[in-house]
Structures are given as structure tokens and as C-alpha cells.
Amino acid sequence: MRKVVVDMQNTLFADAISTALKNFDADFCVYQSEKPEKTTDLCTYAQADILIMEVTSCTPWKLEERMKIRDEVKAGNMDCKVVLVVDENTEQKLADQVRQAQKDGHIDNFIYGSISATYLSAVIDAL
């Protein structure tokens, strides 16, 4: 069973991701973080294989804050894959920064918010 922690600003989006992953493969066990402050603890508790976090221009979902969570999670579990989700249509500059974070090896992958649920699931499955 692959354990995935989802940390999104938008609860409906988090629910959609959780549902898409479960429908794609019953092997996914998805946990939703209620608040960014609890994400690291949830990843530790669940022994997460993958952490999916939304990045926006608002606190506490800013890229810098997400990178701090990433560092905390990786300190306890180096094998946890980190995937950031960003809205490339309304957050173009931020989307460029997230893409660069992957190029620099700070995250394992990124996903644009406009992709289909099937494609998102396939990307997560491939990690």
C-alpha cells in the first residue's frame, strides 16, 4: 500500500485528488492534512511515500513555507517523494519558481492545477 499525504489550500481540490488517486489504484491510501502546521506530523504518522502540496502566493502555502515542510519531512523520511501543485494560469511567476525547484532537485515533481485527474494519478503512480 502506497501512502500519500495531501496538503491543499482548497479542500474541494484535496478531496478531488484523494478520490482520483483511490479510483486510479486501490493501492493508494490517502491522508488529508487539515493544516500545513500538521503536515509533517501526518507524514511521520502515516510513514508517507508521497507528499502532495499546493503552492500559492498566500501564507501558509507560499513556496518558501512549503520548502520548510519538505525539509522537515525529508529529515524524517528521505524516501518520501515531494510533489508540488501550482496553478500555472493565475500564478505564472510562481509556476516558474516551482518548475525551477524541480530542476534544482529540491522536489521530486510538480503538477499544474489544470491537468486532468487521470494524468495527475498517473504522475503520482509513476513516482
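Buried means under 20% relative accessible area, exposed over 50%, and partly exposed in between, with a 1.4 Å probe and protein chains only. The model is predicted: local features need pLDDT of at least 70 and side-chain atom pairs count only at pLDDT 80 or more, while totals for chains, interfaces and linings use all residues. Residues are numbered from 1 along each chain as its sequence is written, and side-chain values use heavy atoms, with hydrogens and water left out.

**Stop 1: the whole chain**

Select the chain and colour by secondary structure. Five helices and five strands appear, in the order β-α-β-α-β-α-β-α-β-α from the N terminus. These elements are DSSP runs, numbered from the N terminus: helices are H or I with at least four residues, strands are E with at least two.

The C-alpha atoms fill a box of roughly 35 × 30 × 25 Å along the principal axes. The radius of gyration is 13 Å, which agrees with the value near 14 Å for a compact globule of 127 residues. That radius is taken over C-alpha atoms, and the globule rule is 2.2 Å times the number of residues to the power 0.38.

Of the 127 residues, 44% are buried. The chain exposes about 6,700 Å², with carbon and sulfur atoms supplying 49% of it; the areas come from the Shrake-Rupley method with a 1.4 Å probe, and for residues only the protein chains shown count as cover.

Contact means heavy atoms within 4.5 Å. Among contacts between residues at least 6 apart in sequence, 69% join residues at least 24 apart.

**Stop 2: the nonpolar cores**

A nonpolar core is a set of buried Ala, Val, Leu, Ile, Met, Phe, Trp, Tyr and Cys residues joined through side-chain atoms within 4.5 Å. In soluble globular proteins, nonpolar side chains tend to be buried together.

Select Val 5, Leu 51, Leu 63, Leu 84, Val 98 and Ile 107: of the 22 residues in the largest core, these touch the most other members. The elements giving two or more residues to this core are α2 (39–46), β3 (50–55), α3 (63–76), β4 (81–86) and α4 (92–103). A second, separate core has 16 residues, including Val 6, Met 8, Ala 14 and Val 83.

Now centre on Leu 84. Leaving aside neighbours within four places in sequence, its contacts include Met 53, Val 55, Leu 63, Val 98, Ile 107 and Phe 110. Arg 66 and Asn 109 are also among the contacts of Leu 84.

Move on to Met 67, in helix α3. Met 67 counts as buried at 16% relative accessibility. Not counting neighbours within four places in sequence, Met 67 is in contact with Leu 84, His 106 and Ile 107. The C-alpha atoms of Met 67 and Val 82 are separated by 9.7 Å, with their positions 15 residues apart along the chain.

**Stop 3: Thr 39 and Gln 47**

Select Thr 39 in helix α2. Its relative accessible area is 0%, so Thr 39 is buried. Beyond residues up to four places away in sequence, Thr 39 touches Val 5, Asp 7, Ser 33, Leu 51 and Ile 69.

Next, select Gln 47 in the loop between α2 and β3. Gln 47 counts as exposed because its relative accessibility is 53%. Its phi is near 55°, a positive value in a residue other than glycine.

**Stop 4: the cis peptide**

Go to Pro 60 in the loop between β3 and α3. The peptide bond joining Thr 59 and Pro 60 is cis, with omega about 5°. Most residues other than glycine have a negative phi, and most peptide bonds are trans.

**Stop 5: Phe 28 and helix α5**

Select Phe 28 in strand β2 (residues 28–32). Phe 28 is buried, with 4% relative accessible area. Outside the residues up to four places away in sequence, Phe 28 touches Met 1, Arg 2, Val 4, Leu 21, Lys 22, Ile 124 and Asp 125. The C-alpha atoms of Phe 28 and Met 1, 27 residues apart along the chain, are separated by 6.0 Å.

Then select helix α5 (residues 117–125), where Ser 121 is found. Ser 121 counts as buried at 1% relative accessibility. Not counting residues up to four places away in sequence, Ser 121 touches Ala 20, Leu 21 and Phe 24.

Finish at Ala 122, also in helix α5. Ala 122 is partly exposed, at 33% relative accessible area. The C-alpha atoms of Ala 122 and Leu 21 are separated by 8.7 Å, although these residues are 101 residues apart along the chain.
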